[in-house]
Amino acid sequence: MWTKSSATNALKFLARRHKLADTITGTDGITQDEQRTAIRNSLITIYRDLERLDGPSDEPGDKENIWGWDSARAEAIKHLKQSIPADRVNIYLTEADRNLQILPSNPSRTPYHYWCVARDLQILRYFMSLHRPDVPLPIFDIVDLRHFNAFVQRFEQEYVLVFQIGTRGLANLFAKTFVKIWMDICNKCRELGIQSISPTSLLDLLKTMETVKILKTVFYAYLFLGDPHAGEAVSLNHQYRMAAWLIELGMNRFIIAHEYAHIVNQHDGSREKRYDQEVEADRSAILLMLESAAAVTNDPVLPFCGAHIAVAVQQKIAQTVSCILDQPFTLNGYPSAFARTANIMGACERCGWLTSTMESMALEMLSFVDSIYSLIEPDLLDTAKRGRPLAKLWLGEGL
Ligand SMILES: [Zn+2]
């Protein structure tokens with residue numbers, strides 16, 4: 001049961017976050033309205049990609065549908081039905097409806113974002129319920145902040161899970177662009193009859209690829225405009241899209257599962273226990289994410305790679321930002337991306353879930369991410385050196 005004070009404080013905290021997001025999303029040269037239009041347009045792209053997985057749907061006029069609460073909810077029901085037993089769908093849906101009713105008002109909360117988080121969280125809670133009797137429901141919300149991150153805040157016995165909308169945008173664009181680069185390289189190697197490619201030739205090849213430039217734009221927009229979308233759209237053929245979707249699923253779900261694991265394990269977020277709590281959250285998160293993904297795909301490899309990619313990309317961004325701000329990069333008590341990778345692998349191995357394909361593919365993809373980012377980062381740093389300021393949200397204004 002919620003006590004009045006913990007729930008009230010939790011909701012006050014959320015309201016403050018919304019207000020903050022509203023004041024800092026505007027970046028130089030771009031009005032908030034223009035930003036919102038850009039985001040709406042790119043959301044349509046994301047939505048259509050997901051739609052296309054079930055068959056072509058490019059009807060003109062469909063566009064408006066995703067803005068309605070009813071259609072976003074209907075879409076979430078579809079996903080819930082695929083993943084959890086029918087008799088649980090209504091219960092979980094009612095909980096998500098009730099959560100929505102108590103949230104502070106916020107004009108930039110989109111139906112699409114809310115219901116994506118609601119369905120992911122409820123699916124993960126269902127799988128958690130198979131292992132333990134109590135699966136607390138946090139107050140959850142999306143916040144119009146563009147970080148590739150989510151977080152949990154505790155108020156006595158109440159938890160608030162906040163998903164920042166930059167997460168879904170960056171995961172979507174990163175996964176799609178990354179898969180396209182990956183597949184293009186594989187095709188090129190096949191054309192040239194090469195079995196394996198040396199790191200130097202790989203870099204040379206990557207330098208010539210248009211898709212790497214697109215990814216650079218995505219990071220540029222993310223860091224300097226405060227919006228990972230900024231008009232970018234990556235189109236993929238059906239085969240690529242499925243792979244990108246599975247990686248994206250792994251990235252988003254792992255991030256939510258990690259936060260949810262903090263709640264279930266009643267972590268207090270204290271600095272002294274941070275390392276151990278983070279490691280524990282990652283261990284639960286990877287198993288929970290893989291279990292939930294198994295309901296919609298028999299291929300655990302790509303969602304598994306997605307989780308690793310999310311961890312790697314988060315650290316790379318943090319390093320680039322500290323470099324631009326001329327501050328030493330510190331982990332601040334958190335495990336490094338490398339330690340997290342090893343921990344996630346270890347957790348899966350101990351459960352007998354780690355196959356050699358999962359391990360080798362994840363490691364290969366991580367080194368691929370390293371190579372690509374090594375080509376992108378110098379340009380980002382150069383942009384900052386030439387005087388382009390970081391988007392306001394990186395400067396910690398009230399965050
Ligand atoms: Zn954490």
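This is a short tutorial dialogue on reading the strands, the core and two unusual loop residues in a predicted model.

Me: Let's start with the overall make-up. How many helices and strands does the protein have?

Reply: There are 13 helices and 3 strands. Of the 399 residues, 42% count as buried. Among contacts with a separation of 6 or more, 75% are between residues 24 or more positions apart.

Me: How do the strands pair, and which run parallel?

Reply: Take strand 3 (158-164) as your reference. Strand 1 (residues 139-143) runs parallel to strand 3, and 5 bridges join them. Strand 2 pairs with strand 3 in the antiparallel sense over 6 bridges. To find your way at residue level, look at Asp-141, which stands opposite Val-162, and at Val-152, whose bridge partner is Leu-161.

Me: Which way do the side chains of strand 3 point, and are they buried or exposed?

Reply: The general idea is that side chains in a regular strand alternate between the two faces of the sheet. Here, Glu-158, Val-160, Val-162 and Gln-164 point one way, while Tyr-159, Leu-161 and Phe-163 point the other way. Both sets are buried. With 7 of its 7 residues buried, strand 3 is therefore largely enclosed by the rest of the structure.

Me: Leu-161 has come up already. Which residues have the most contacts inside the largest nonpolar core?

Reply: They are Leu-161, Ile-247 and Ile-286, in a core of 103 residues. Helix 9 (residues 238-264) gives the largest share of this core, 15 residues. Because domain 1 (4-167) and domain 2 (170-392) both give residues to the core, it lies between them. For a closer look, try Leu-161: setting aside residues up to four places away in sequence, Leu-161 touches Leu-121, Pro-138, Phe-140, Ala-150, Val-152, Glu-259, Tyr-260 and Ile-263.

Me: Now the backbone angles. Where does Glu-156 lie, and what is its phi?

Reply: A positive phi in a residue other than glycine is a good thing to look for here. Glu-156 is not a glycine, yet its phi is positive, at about 50°. Glu-156 lies in the loop between strand 2 (150-155) and strand 3, a hairpin with 2 residues between the strands. Glu-156 counts as exposed because it has 12 C-beta neighbours inside 10 Å, and 12 or fewer is the cut-off.

Me: And what about Asp-326: buried or exposed?

Reply: Asp-326 has 7 other C-beta atoms within 10 Å, so this residue is exposed. Asp-326 also has a positive phi, about 60°, without being a glycine. You will find Asp-326 in the loop between helix 11 (301-324) and helix 12 (337-350).

Methods. Residues are numbered from 1 along each chain as its sequence is written. This is a predicted model: local features need pLDDT of at least 70, side-chain atom pairs count only at pLDDT 80 or more; totals for chains, interfaces and linings use all residues. Helices (H or I, at least four residues) and strands (E, at least two) are DSSP runs, numbered from the N terminus. A residue is buried if 20 or more other C-beta atoms lie within 10 Å of its own, exposed if 12 or fewer, and partly exposed in between; C-beta atoms are placed from the backbone. A nonpolar core is a set of buried Ala, Val, Leu, Ile, Met, Phe, Trp, Tyr and Cys residues joined through C-beta atoms within 7 Å. Domain bounds come from an automatic or database domain assignment. Two residues are in contact if their C-beta atoms, placed from the backbone, lie within 7 Å. Two strands pair if DSSP finds at least two bridges between them.
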